[in-house]
Amino acid sequence: MAGIIKECRQCGINFRTKTIKAGAWQAYCNPCFGARQESNAEKSIKKRQSHMFEALDDRIKRIEEKSQHMDMLVSAEISNALTNLSNNDLFNSVNDAMQKALEEKKKQIDADNKKFKDKIQKQLVMLNNKLVKIMQEMEK
Ligand SMILES: [Zn+2]
């Protein structure tokens, strides 16, 4: 077997390096080396996760800002329509602006409804699982 005997920097146990050349840089025995690789991988996953959460937070913030901006645009549009009116256009202009505002609201409500439905769906599945368990208990 090639290699030289060295003391592991982590656990202090003597181990044989893979080759004599590797003796120059190999500082850990195989188990310790493996464990360190693993914890490095864990660290990088955690780091990536926290980056993802940060990015998600940023995105939500931006969407919230945008939707506030949207509200302002809609009311600006309405007051714009109101000030630029000639008599004939009154109804149509206000109606258009209202229509736009309503469409925005509808989109928001649809999204909220979907969230609510998904939540209920999950709860139903959980309830169903519980019922099945109870029935199985009763059959014993
Ligand atoms: Zn070791």
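How many helices and strands are there in the protein chain? This predicted model holds 2 helices and 2 strands. The legends below walk through the views.

**View 1. The whole protein chain follows the pattern β-β-α-α along its sequence.** Start at the beginning of the sequence and you meet the strands, then the helices. Along its principal axes, the C-alpha trace of the protein chain spans about 100 × 60 × 20 Å. A compact globule of 140 residues would have a radius of gyration near 14 Å, whereas the value for the protein chain is 32 Å. Burial tells its own story: buried residues make up 1% of the 140 residues. Now take the contacts between residues at least 6 apart in sequence: 10% of them join residues at least 24 apart.

**View 2. Helix α1 covers residues 30-83.** Follow its 54 residues from end to end, and you travel 79 Å from the first C-alpha to the last. That is close to the 80 Å expected at 1.5 Å a residue. Is α1 buried or in the open? Of its 54 residues, the number buried is 0, so α1 lies largely in the open. A residue needs 20 or more other C-beta atoms within 10 Å of its own C-beta to count as buried.

**View 3. Helix α2 covers residues 90-139.** With 50 residues at 1.5 Å each, α2 should span 74 Å, and its end C-alpha atoms are 72 Å apart, which agrees. The number of buried residues in α2 is 0, so this helix lies largely in the open.

**View 4. Helices α1 and α2 meet, with axes that come within 8 Å.** The two axes cross at roughly 170 degrees, which means that α1 is roughly antiparallel to α2. Which residues of α1 make the contact? Look for M70, V74, E77, I78, A81 and L82. From α2 come S93, V94, A97, K100, A101 and E104. By class, this contact has 8 nonpolar, 1 polar and 3 charged residues. As you look at the spacing, remember that an α-helix has 3.6 residues a turn, so residues three or four places apart point the same way.

**View 5. V125 sits in helix α2.** Is V125 buried or exposed? It has 10 C-beta neighbours inside 10 Å, so V125 counts as exposed; the cut-off for exposed is 12 or fewer. For a sense of distance, pair V125 with R36: they are 89 residues apart in sequence, and 41 Å separates them in space, C-alpha to C-alpha.

Definitions and conventions
Residues are numbered from 1 along each chain as its sequence is written. This is a predicted model: local features need pLDDT of at least 70, side-chain atom pairs count only at pLDDT 80 or more; totals for chains, interfaces and linings use all residues. Helices (H or I, at least four residues) and strands (E, at least two) are DSSP runs, numbered from the N terminus. The radius of gyration is taken over C-alpha atoms; the globule rule is 2.2 Å times the number of residues to the power 0.38. Two residues are in contact if their C-beta atoms, placed from the backbone, lie within 7 Å. The expected span of a helix is 1.5 Å times one less than its number of residues. Axes are lines fitted to C-alpha atoms, for helices over the stretch in contact, and angles run from 0 to 180 degrees between N-to-C directions. Angles under 35 degrees count as roughly parallel, over 145 as roughly antiparallel, 65 to 115 as roughly perpendicular and the rest as oblique. Ala, Val, Leu, Ile, Met, Phe, Trp, Tyr, Cys and Pro count as nonpolar, Asp, Glu, Lys and Arg as charged, and the others, Gly among them, as polar.
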